[in-house]
Amino acid sequence: MDVTTTSTRIGKFEARFFHLGVEEEFGRVKGHFGPINSVAFHPDGKSYSSGGEDGYVRIHYFDPQYFEFEFEA
């Protein structure tokens, strides 16, 4: 309960992305100031939505650089 009332600074909590095969983090997205409870990806893979205890649902669109990135294992 206290985590959502202690800070109004946006970006305190982040969604972190990991490569499934090599188990390494390759990205972080700021936006919520409370814990993120739910994440859902769009079927076309170009965006995702996150819902948190701060009471907001945020829609995130991936930048073109996301699709050009090649992970070196």
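Which residue in β5 is the bridge partner of Tyr48? I would like to start from that small detail and work outwards, and I should say straight away that what you have in front of you is a predicted model. The residue is His60, which is the bridge partner of Tyr48 in β5. Tyr48 also has Phe41 standing opposite, and since Tyr48 itself is in β4, let me now step back to the chain and then return to that strand.

The protein chain has one helix and five strands, and if you follow the elements from the N terminus on, they run β-β-β-β-β-α. Buried residues account for 23% of the 73 residues in the protein chain, and please keep that figure in mind when we come to β4.

Three of the strands form an open sheet, in the order β3-β4-β5, with antiparallel pairing. The strands at the edges are β3 and β5, and each has a single partner strand, so one side of each is left without a neighbour in the sheet. From one strand to the next, the twist averages 20°.

Let me take the two pairings in turn, beginning with β3, residues 36-41, which pairs with β4 in the antiparallel sense over five bridges. Along this pairing, Phe41 stands opposite Tyr48, and Ala40 stands opposite Ser49. The hairpin of β3 and β4 has five residues between the strands, and there Gly45 takes a positive phi near 75°.

On the other side, β4 pairs with β5, residues 57-61, again in the antiparallel sense and over five bridges. Here the partner of Tyr48 is His60, as I said at the start, while Gly51 stands opposite Val57. These two strands also form a hairpin, with four residues between them, and Gly55 in the turn has a positive phi of about 90°.

How many of the six residues of β4 are buried? Five of them are, and this strand, residues 47-52, is thus described as mostly covered.

There is also a record to mention for this region: UniProt lists residues 29-59 as "repeat: WD", and the entry is an unreviewed one. In the model, the chain over residues 29-59 is 61% strand and 0% helix, and the C-alpha atoms at the two ends are 11 Å apart.

My last topic is the pockets. About 220 Å³ of space lies in the largest pocket. Of the 12 residues that line the largest pocket, those closest to its centre are Phe26, Gly27, Phe62, Tyr66 and Phe69. Two elements give two or more residues to this lining, namely β2, residues 25-32, and α1, residues 64-68. Which element contributes the largest share of the lining? That is β2, with four residues. Sorted by class, the lining has seven nonpolar, three polar and two charged residues.

To close, I would come back to Tyr48, which has Phe41 opposite and His60 in β5 as a bridge partner, in a sheet whose order is β3-β4-β5.

Note on methods
Residues are numbered from 1 along each chain as its sequence is written. This is a predicted model: local features need pLDDT of at least 70, side-chain atom pairs count only at pLDDT 80 or more; totals for chains, interfaces and linings use all residues. Side-chain values use heavy atoms; hydrogens and water are left out. UniProt positions are given in the numbering used here, feature names are shortened, and annotations may be inferred rather than shown by experiment. Buried means under 20% relative accessible area, exposed over 50%, partly exposed in between (1.4 Å probe, protein chains only). Two strands pair if DSSP finds at least two bridges between them. On a 1 Å grid over the protein atoms alone, a cavity is a set of points where a 1.4 Å probe fits but cannot get out, and a pocket is an open set with protein on both sides within 12 Å along at least five of seven lines; lining residues have an atom within 4 Å of a point. Grid points are joined across faces, edges and corners, and a volume is the space filled by probe spheres set on the points. Ala, Val, Leu, Ile, Met, Phe, Trp, Tyr, Cys and Pro count as nonpolar, Asp, Glu, Lys and Arg as charged, and the others, Gly among them, as polar. Axes are lines fitted to C-alpha atoms, for helices over the stretch in contact, and angles run from 0 to 180 degrees between N-to-C directions.
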